[in-house]
Amino acid sequence: MTAPSTFGLSSEARNLHWLLTNLVEEVPGLLSVAVVSSDGLLLLSSDPGRNAQARGGRGDGPSGPRGSSADLATIVSGIGSLTIGAAKLMDVGGVKHTMVAMDEGSLFIMSISDGSLLGVHGSAECDMSVVAYHMALFVGRAGHVLTPELRSELRKSLETESAGSAR
């Protein structure tokens with residue numbers, strides 16, 4: 001996995017990219033990582049080169065490869081909305097994290113701030129406790145800097161990157 005280029009971004013955006021890169025490099029078994037805004041838009045991902053394909057851009061393979069961050073963002077947004085709705089119906093407070101364990105992998109979702117979410121797709125071999133620990137570190141460090149201005153900057157940089165790779 002690779003992190004996107006940080007050329008021309010603010011120091012806060014570069015710091016978030018660094019945190020994402022650190023998460024990806026420190027935790028073995030991660031397949032895809034995505035930061036999603038409260039309205040379901042992908043803000044930051046671990047594999048930006050595949051996002052253009054997942055959005056319908058031209059590539060060498062089929063559109064929307066399994067496990068891409070764009071696909072993960074869609075899943076994270078949907079599950080995040082479902083769990084938030086369930087918590088409201090049960091009147092039990094906010095959702096802190098969600099984990100889905102599958103036969104051949106796991107999905108982890110953690111609230112960052114103001115509705116933004118961190119989603120991680122891990123292989124069956126990844127250690128869930130290590131993933132949760134590193135996600136909590138990311139959330140703790142990213143939560144206070146993920147302002148509306150920074151979300152807008154990240155979204156624009158991702159759109160620019162996707163437009164450039166679709167050409």
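In this predicted model, helix α4 (residues 128-142) lies across β1, β2, β3, β4 and β5. Helix α4 runs at about 25 degrees to β4.

The strands beneath this description form an open sheet of 5 strands. Their order is β2-β1-β5-β4-β3, and the pairing is antiparallel. Two strands, β2 (42-45) and β3 (97-102), form the edges, each pairing on one side only. Neighbouring strands of the sheet are turned by 15 degrees against each other on average, direction ignored. Helix α3 (residues 69-90) also packs on the sheet. It touches β1 (30-36), β2, β3, β4 and β5 (117-123). The direction of α3 makes about 60 degrees with that of β1.

At one edge, β3 is joined to β4 (residues 105-111) by 6 bridges. These two strands run antiparallel. Thr98 has Ile109 in β4 as its bridge partner.

Helix α4 also packs with another helix. Two packed helices are described by the angle between their axes and the distance between the axes. For α1 (residues 11-26) and α4, the angle is about 175 degrees and the axes are 10 Å apart. Angles over 145 degrees count as roughly antiparallel, so α1 is roughly antiparallel to α4. On the α1 side, the contact is made by Leu16, Leu19, Leu20, Asn22, Leu23 and Glu26. Helix α4 contributes His134, Met135, Phe138, Arg141 and Ala142. The residues of this contact divide into 7 nonpolar, 2 polar and 2 charged.

Notes. Residues numbered from 1 in each chain as written. Predicted model: local features only at pLDDT ≥ 70, side-chain atom pairs only at ≥ 80, totals over all residues. Heavy atoms only, no water. Pairing = 2+ DSSP bridges. Helix = DSSP H or I, 4+ residues; strand = E, 2+ residues; numbered from the N terminus. Axes fitted to C-alpha atoms, helices over the stretch in contact; angles between N-to-C directions. Contact = heavy atoms within 4.5 Å. Parallel < 35°, antiparallel > 145°, perpendicular 65-115°, else oblique. Nonpolar A, V, L, I, M, F, W, Y, C, P; charged D, E, K, R; others polar.
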